[in-house]
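Here are my notes on the model you sent over, written as numbered points. Have the coordinates open while you read.

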Amino acid sequence: YKAAQMIFGPGMMPKLTRNMIINVYDGIHLDLTSIKHTSGVLNDASDFLLMFKYGKSAQRNQVFTYVIMDDRLVFSSTAATFFKDKTSKHAVHSRASKFVRYSGEMFVYKHPENPKLHTVVFDNDSGTYAPRKAQLECVARVMRRNFPTLQVIAIDREHPWGKQIKKIYHNT
């Protein structure tokens, strides 16, 4: 993948890109006063949904970028255009690690027919790590195992419904 080669390929430019990504990660995570940073234990599905404010910020729907690694889950609002189209937010989340279990985007879908019902939707929309569609159900199983009452679905980045909802969320 072109995006991955620009970060993980051989040569000086990918090495410089990796170093820049590591510096960005360190800057974000060492200076926690400049961003909203939350860490801790989530006890149940309610805690998970509350952490993401049920997918809303200032009454706007949000899409989140996520990375699953062996030692952490990292999420951020995709609307934050900190490095949009310049480098991968997934790579920044992972501190330019080659060892990412899964990555993509996530959003909370509120059902129109039942506004109290929320479904967390995970996809594999990461151009850097390009997760395989076949592993999507593993992401859903991990979330269901950790949050048994959380309504979770996993869909491919090319799924028409997911693309439509994300387009609406990005434009609201």
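1. Let's start with a charged pair. Lys166 makes a salt bridge to Asp125, with the closest N and O atoms 2.9 Å apart. The two come from distant parts of the chain: Lys166 sits in helix H6, Asp125 in the loop between E6 and H5, and 41 residues separate them. Bear in mind that this is a predicted model, so treat every distance here as computed from it.

2. How buried or exposed are these two partners? Lys166 has a relative accessibility of 7%, so it counts as buried, the cut-off being under 20%. Asp125 comes out at 28% and is therefore partly exposed.

3. Lys166 has another partner as well. Glu105 forms a salt bridge with Lys166, and here the closest N and O atoms are 2.6 Å apart. Again distant parts of the chain are linked: Glu105 belongs to strand E5 and Lys166 to helix H6, 61 residues apart. In this pair, both residues are buried.

4. Now the remaining charges. The whole structure has five salt bridges. One of them joins the side chains of Arg144 and Glu137, at 2.8 Å from N to O. Arg144 is partly exposed, with a relative accessible area of 31%, and Glu137 is partly exposed too, at 36%. Through shared partners, salt bridges tie Glu105, Asp123, Asp125 and Lys166 into one network. As background, side chains of opposite charge can pair when their charged atoms come close.

5. On to the sheet. Five strands make up an open sheet with mixed pairing, in the order E4-E3-E5-E6-E7. Why do E4 and E7 each have a side without a neighbour in the sheet? Strand E4 (73-77) and strand E7 (151-155) are at the edges, and each has a single partner strand, so one side of each stays unpaired in the sheet. On average, neighbouring strands are turned by 25° against each other, ignoring direction.

6. At the E7 end, strand E6 (residues 118-123) pairs with E7 in the parallel sense, over five bridges. If you want a residue to click on, Phe122 has Ala154 in E7 as its bridge partner. Helix H5 (residues 136-146) packs on the sheet and touches strand E3 (63-68), strand E5 (102-110), E6 and E7. The direction of H5 makes about 165° with that of E7.

7. Helix H6, the one carrying Lys166, covers residues 160-171 and lies across E3, E5, E6 and E7. H6 runs at about 75° to E5, the strand that holds Glu105.

8. Finally, the nonpolar packing. The largest nonpolar core has 20 residues, and those with the most contacts inside it include Phe48, Tyr66, Met106, Phe122 and Leu150. Helix H3 (45-51), E3, E5, E6 and H5 each give two or more residues to this core, with H5 supplying the largest share, four residues. Leaving aside neighbours within four places in sequence, Leu150 is in contact with Ala45, Phe48, Leu49, Val120 and Arg144. That list includes the Arg144 from the salt bridge with Glu137. There is also a second, separate core of seven residues, among them Val63, Phe107, Tyr109 and Ile165. In soluble globular proteins, nonpolar side chains tend to be buried together.

How values were computed. Residues are numbered from 1 along each chain as its sequence is written. This is a predicted model: local features need pLDDT of at least 70, side-chain atom pairs count only at pLDDT 80 or more; totals for chains, interfaces and linings use all residues. Side-chain values use heavy atoms; hydrogens and water are left out. Two strands pair if DSSP finds at least two bridges between them. Axes are lines fitted to C-alpha atoms, for helices over the stretch in contact, and angles run from 0 to 180 degrees between N-to-C directions. Contact means heavy atoms within 4.5 Å. A salt bridge is a side-chain nitrogen of Lys or Arg within 4 Å of a carboxyl oxygen of Asp or Glu. Buried means under 20% relative accessible area, exposed over 50%, partly exposed in between (1.4 Å probe, protein chains only). A nonpolar core is a set of buried Ala, Val, Leu, Ile, Met, Phe, Trp, Tyr and Cys residues joined through side-chain atoms within 4.5 Å.
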